[in-house]
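Here are some short exercises to work through with the structure open beside you. Try each task yourself before you read its solution.

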Amino acid sequence: MLTFEGIYTPAITPYAADGSIDFAAFADVLESLIEARVHGIIIGGSTGEYYAQSAEERLALVEHASKVISQRLPLIVGTGAIRTEDAVTFATHARDHKADAILVTSPPYALPTEQENAHHALTIDKAAQLPIMLYNYPGRMGISMGETYFREVTRSANVVAIKESSGDFNNLHLLACQFPQIALSCGWDDQALEFFAWGARSWVCAGSNFIPREHVALYEACVVEKDFAKGRKIMAALMPLMNFLDGGKFVQSIKYGSELAGLKAGPVRAPLQALEEEEQAQLKAVIESVKRNVAAVTAS
């Protein structure tokens, strides 16, 4: 069974000028993450723009990722969909292409009750029989996973982790205190230090697409070295990036950051639009500052 420890990167999806997926550039993204020694790669997450892709494109990305990664790192596949039947299709396809785990969200727009949402997750689980990282993101899904949901889904031993992205510390405390069998993973970047303090051992962070080593440094300080004084310094150095990413153009910023790192990211898909030139300059300055300041901490 996969244990979620370390930095898990939700990989971007590069697009060519005509808007199609650039599979060669996608392979380069995956290779860059493997080289940077992140601990796992997530395909079909929000950062990968799965919501703007056809089912056929999503399946093709998984197949390509599986071939490129070739079990060198854990591969986690997102199953997000409005219809339970579609989520099951993505989950079983992930299993058939050697995924190590699946990411299970709440279905957006439908607004199911916690019991109904749990049934959605357990239906996916029954079909796929893979380790599951839950993904609680009420800001995008419209509902939050709560105590009733967690009580229901933990009937399955496959539910092993959660990417908690509600931003609500009450949910962090609920999970840490009442559901310790679900491994915590930070899904709200500016709360990473608090998640590690509450026992999280992993962080799903989009910024690790372009500055992976700085994100790994925080994980190593807090989880491996258990040096929270050092962790606070690294987190303080990372905060300007977290604040920039909170500015409302998250995916656009991740893709531009990846371009600055030498990767071919391509445009974002509609309805999103690229950063303005002034925003690009601001992000470039923020990244340079973060890298410089984290290096100063880790060198001391």
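**Exercise 1. Find the residue that follows helix H4 and state the sign of its phi angle.**

Step 1. This is a predicted model, and in it H4 covers residues 114-128. Step 2. Move on to Gln129, which follows H4. Step 3. Read its phi: the angle is positive, near 50°.

**Exercise 2. Compare the reach of H4 with the expected span, then list its buried residues and what they pack against.**

Step 1. H4 has 15 residues, and the expected span is 1.5 Å times one less than the number of residues. Step 2. From its first C-alpha to its last, H4 reaches 21 Å, close to the expected 21 Å. Step 3. Now look for residues under 20% relative accessible area. In H4 these buried residues are Asn117, Ala118, His120, Ala121, Leu122, Ile124, Asp125 and Ala128. Step 4. Their packing partners are helices H3 (84-96) and H6 (147-153), together with strands E4 (101-105) and E5 (132-136).

**Exercise 3. Is Asn158 buried or exposed, and which side chains does it join by polar contacts?**

Step 1. Locate Asn158 in the loop between H6 and strand E6 (159-164). Step 2. Its relative accessible area is 13%, so Asn158 is buried. Step 3. Follow its side chain: one polar contact, of 2.7 Å, goes to Asp125, and another, of 3.4 Å, goes to Gln129. Step 4. Leaving out residues up to four places away in sequence, Asn158 also touches others, including Met1, Leu130, Pro131 and Ile132.

**Exercise 4. Is Asp18 buried or exposed, and how far is its C-alpha from that of Gly266?**

Step 1. Asp18 sits in the loop between strand E1 (6-10) and helix H1 (23-35). Step 2. With 63% relative accessibility, Asp18 is exposed, because exposed means over 50%. Step 3. Its side chain makes a polar contact of 2.7 Å with that of Ser20. Step 4. Gly266 is 248 residues away from Asp18 in sequence, yet their C-alpha atoms are 9.8 Å apart.

**Exercise 5. Work out how H10 and H12 are oriented to each other.**

Step 1. Find H10 (residues 228-245) and H12 (residues 277-299), whose axes come within 9 Å and cross at roughly 175°. Step 2. An angle over 145 degrees counts as roughly antiparallel, so that is how H10 runs to H12. Step 3. Look at the contact: H10 contributes residues including Ile234, Leu238 and Phe244, and among those from H12 are Leu283, Val286 and Val290. Step 4. Sort the contact residues: 11 are nonpolar, 3 polar and 3 charged.

Note on methods: Residues are numbered from 1 along each chain as its sequence is written. This is a predicted model: local features need pLDDT of at least 70, side-chain atom pairs count only at pLDDT 80 or more; totals for chains, interfaces and linings use all residues. Side-chain values use heavy atoms; hydrogens and water are left out. Axes are lines fitted to C-alpha atoms, for helices over the stretch in contact, and angles run from 0 to 180 degrees between N-to-C directions. Helices (H or I, at least four residues) and strands (E, at least two) are DSSP runs, numbered from the N terminus. Angles under 35 degrees count as roughly parallel, over 145 as roughly antiparallel, 65 to 115 as roughly perpendicular and the rest as oblique. Contact means heavy atoms within 4.5 Å. Ala, Val, Leu, Ile, Met, Phe, Trp, Tyr, Cys and Pro count as nonpolar, Asp, Glu, Lys and Arg as charged, and the others, Gly among them, as polar. Buried means under 20% relative accessible area, exposed over 50%, partly exposed in between (1.4 Å probe, protein chains only). A polar contact is a pair of N or O atoms within 3.5 Å; within protein, one must be able to donate a hydrogen and the other to accept it, and residues adjacent in sequence count only if both atoms are side-chain atoms.
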